[in-house]
Amino acid sequence: MRKKGSLLRAIALLLSFMFVFALAGCGKTNTGSQPTAAPTKEPETQQGSETKTDDDREMVGNMYKTGIPIVKEPVRYYAMGLQMNNTRPSNLDETELFKKIMEETNVYIDWDLIPQASWTEKKNLTVASGEYPDFFYGPKSLSHDEVQKFGADGVLIDIEALLDEYAPNINKIRKEYPLYDGFIRSMDGKIYQLASFTDEGFDSHISSIINKEWLDNLGLKVPTNTDELYNVLKAFKENDPNRNGLKDEIPMSFLYQEGNDLNREVKRDFRPIYYAFGVVDTPFYIWINNNDEVVFTATTEEWKQATAYMAKLYAEGLIDTEVFTQDRTLLTNKLRTQKNVGVYFDYRKDQSMILEEDQEKFTFMPALKSPDGKQVWARSQFFSEGGFAITSKAKNPEVLIRFIDYCNSEEYSVQMAYGMFKEAGWNQTEALVPSETVPGKYEVNSGSRPENVEPSDWFMSAPIAQGCTLLTKTALDKYVAEKASSVAKTKACEVYRPYLSKWPYNYAFKFSPEELEELTLLQTGIVQYVIQTHSRWMSEGGIEKEWDAYVAQLNNLGLKRYIELYRNAFERVEK
Ligand SMILES: [Ca+2]
């Protein structure tokens with residue numbers, strides 16, 4: 001694969017050399033190892049002047065303001081990005097889609113995708129040396145923090161004005177997704193990068209799943225509030241819902257906490273119980289409520305009530321005693337082999353933790369109400385850090401903006417994400433072929449790979465998962481048939497959609513390096529203290545008696561400043 005990649009690259013370089021030489025008739029060509037962004041032919045004096053051309057399109061220098069090709073004389077840029085894994089192309093020239101787009105636009109890119117293991121080092125060295133590329137490309141290539149740093153250092157340029165002027169497709173998407181601009185905007189108010197996303201319509205964070213067969217055996221209904229849930233769990237424990245004559249049921253099980261790296265997502269499966277009391281629990285206990293207020297969840301009255309409720313369930317044996325120690329494998333084993341769990345929670349929303357054959361025995365539990373009647377559910381956002389960031393090296397950055405905008409038309413964004421449109425039976429590359437079940441739409445041809453070809457050697461027709469792709473639900477629904485597995489997810493999301501909180505639980509706060517340093521220290525102390533106290537209250541009780549001392553201790557740990565840092569970060573971007 002690697003060898004083949006180099007060969008293809010060599011051929012591509014040779015061809016591009018000949019191409020540039022023949023077309024532009026210009027002595028200055030690039031060798032590929034140190035590509036420059038310089039358009040092959042562009043007198044300085046022409047820059048910025050607007051002219052009409054033979055085909056009546058308006059031009060700025062060498063660039064047409066609309067339509068394709070984007071430029072009159074071919075131009076060449078150099079891009080660096082992260083190769084997601086070794087089954088993905090390291091040179092996007094190997095994808096047929098990019099070859100096509102480059103030919104259509106006259107904008108040629110030397111792609112340099114670096115394996116994950118050396119990406120961070122390579123990126124830092126490149127930036128430090130000053131020999132950085134014309135643009136960084138692909139999901140996770142740059143983090144928010146890096147973007148801010150590189151923006152402040154003048155490595156990246158602010159692209160907002162260029163987007164406004166030259167990116168009709170992307171601007172339509174920015175309007176359709178009001179949270180997008182906030183996600184990509186840096187704390188200094190500028191936009192240095194685009195973020196990639198795929199909107200499959202999965203907008204809620206997690207689902208609660210209940211054993212419907214057990215409910216039916218006991219003549220019970222799916223609970224709608226926290227009191228009903230308590231009664232159902234009690235019945236699961238005592239009334240032998242699996243009808244084997246043994247008291248072997250675990251009414252509710254979950255992972256108390258998965259992941260403890262505070263820089264990453266910390267999962268606490270039982271969050272839906274907190275939603276029922278009107279509070280969205282988040283990894284760092286910071287939630288933006290529907291009044292646009294940044295609140296610390298773990299000192300709210302709602303959080304206190306929810307925790308007392310959890311302690312009650314635990315004390316009465318309604319929660320698995322292994323929740324604090326079990327891992328996902330053990331929990332999955334209980335669901336698949338022992339089949340003795342009544343209620344559990346899943347992030348994938350498709351009930352995939354249970355066996356296929358058991359799926360119909362379970363159903364989604366709706367957003368529960370608490371005695372105060374509050375109902376809320378965590379909204380999730382699907383934007384991912386890093387996608388497309390232009391550096392100060394790039395000449396005529398507007399050409400690159402038009403290029404990335406062209407890649408994100410509805411028709412191309414779908415192909416960027418799943419593969420190129422191909423005819424039925426296509427088995428040469430991973431691609432989209434006409435759906436047999438939904439006429440007029442496409443589906444991925446994953447079943448058509450020839451038997452003698454390894455998945456890693458089956459080339460992709462498009463940059464799938466490695467591209468800066470902004471795939472909207474509108475575009476997806478227009479071209480791609482829904483897979484059976486996503487139907488269950490869609491159903492789960494429909495259950496929770498009416499109750500989604502205004503802001504995503506995983507809102508991307510942006511901090512300066514100084515703020516980040518201060519925050520990390522505060523966060524470690526505060527989050528660990530909350531988790532420690534919470535787990536003790538849940539298993540041993542004592543919340544009423546200890547509450548005031550707990551709040552006082554959090555204040556000692558710098559809670560006020562902790563909230564202030566988040567509040568400032570939110571207001572700086574959103575207000
Ligand atoms: Ca039983």
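Reader: At what angle do H11 and H17 pack, and how far apart are their axes?

Author: This is a predicted model, where local features need pLDDT of at least 70, side-chain atom pairs count only at pLDDT 80 or more, and totals for chains, interfaces and linings use all residues. Residues are numbered from 1 along each chain as its sequence is written. Helix H11 (residues 301-315) and helix H17 (residues 513-540) pack at about 45 degrees, and their axes are 7 Å apart. That makes H11 oblique to H17. Angles under 35 degrees count as roughly parallel, over 145 as roughly antiparallel, 65 to 115 as roughly perpendicular, and the rest as oblique. Axes are lines fitted to C-alpha atoms, for helices over the stretch in contact, with angles from 0 to 180 degrees between N-to-C directions.

Reader: Which residues of H11 and H17 make the contact?

Author: H11 supplies Thr 307, Met 310, Ala 311 and Tyr 314, and H17 supplies His 534, Trp 537, Met 538 and Ser 539. Two residues are in contact if their C-beta atoms, placed from the backbone, lie within 7 Å.

Reader: What is the mean pLDDT of the protein?

Author: The mean is 88, and 89% of the residues reach 70 or more. pLDDT is the predictor's confidence in each residue, from 0 to 100.

Reader: Where does pLDDT stay under 50?

Author: Over residues 1-47, for which the model has 54 contacts beyond four places in sequence. Where pLDDT is low, the predicted coordinates should not be read in detail.

Reader: How many helices and strands are there in the protein?

Author: There are 19 helices and 19 strands. Helices (H or I, at least four residues) and strands (E, at least two) are DSSP runs, numbered from the N terminus.

Reader: On to S4. How many of its residues are buried?

Author: Strand S4 (residues 75-83) is mostly covered, with 9 of its 9 residues buried. A residue is buried if 20 or more other C-beta atoms lie within 10 Å of its own, exposed if 12 or fewer, and partly exposed in between, again with C-beta atoms placed from the backbone. Across the 575 residues of the protein, 43% count as buried.

Reader: In which sense do S4 and S5 pair, parallel or antiparallel?

Author: S4 and strand S5 (residues 107-115) pair in the parallel sense, over 9 bridges. Two strands pair if DSSP finds at least two bridges between them. Tyr 78 stands opposite Asp 110 in S5. S4 is also joined to strand S6 (residues 135-137), in parallel, by 3 bridges. There, Met 80 has Phe 136 of S6 as its bridge partner.

Reader: And what unit do S4, H2 and S5 make?

Author: With helix H2 (residues 96-105) in the middle, they make a right-handed β-α-β unit. Right-handed means that, with the strands pointing away from the viewer, the path from the first strand over the helix to the second runs clockwise.

Reader: Glu 96, then. Which residues does Glu 96 touch?

Author: Glu 96 is in helix H2. Not counting residues up to four places away in sequence, Glu 96 touches Met 420, Thr 429 and Ser 461. The C-alpha atoms of Glu 96 and Met 420 are separated by 8.0 Å, though the two are 324 residues apart along the chain.

Reader: Why does Glu 96 count as partly exposed?

Author: Because Glu 96 has 19 C-beta neighbours inside 10 Å.

Reader: Different topic. What is the strand order in the open sheet of 4 strands?

Author: The order is S9-S12-S8-S13, with mixed pairing. Strand S9 (250-252) and strand S13 (362-365) each have a single partner strand, so they stand at the edges with one side lacking a neighbour in the sheet. From one strand to the next, the twist averages 30 degrees.

Reader: What packs on the sheet?

Author: Helix H9 (residues 226-238) does, touching S9 and S12, and its direction makes about 170 degrees with that of S9. Within the sheet, strand S8 (residues 207-211) and strand S12 (residues 341-346) pair in the antiparallel sense over 4 bridges. Ser 207 has Asp 346 of S12 as its bridge partner.

Reader: Last one. Is Asp 292 buried or exposed?

Author: Asp 292 is exposed, because 12 other C-beta atoms lie within 10 Å. The loop between strand S10 (286-288) and strand S11 (294-296) holds Asp 292. Its C-alpha atom and that of Lys 575 are separated by 9.5 Å, with their positions 283 residues apart along the chain.
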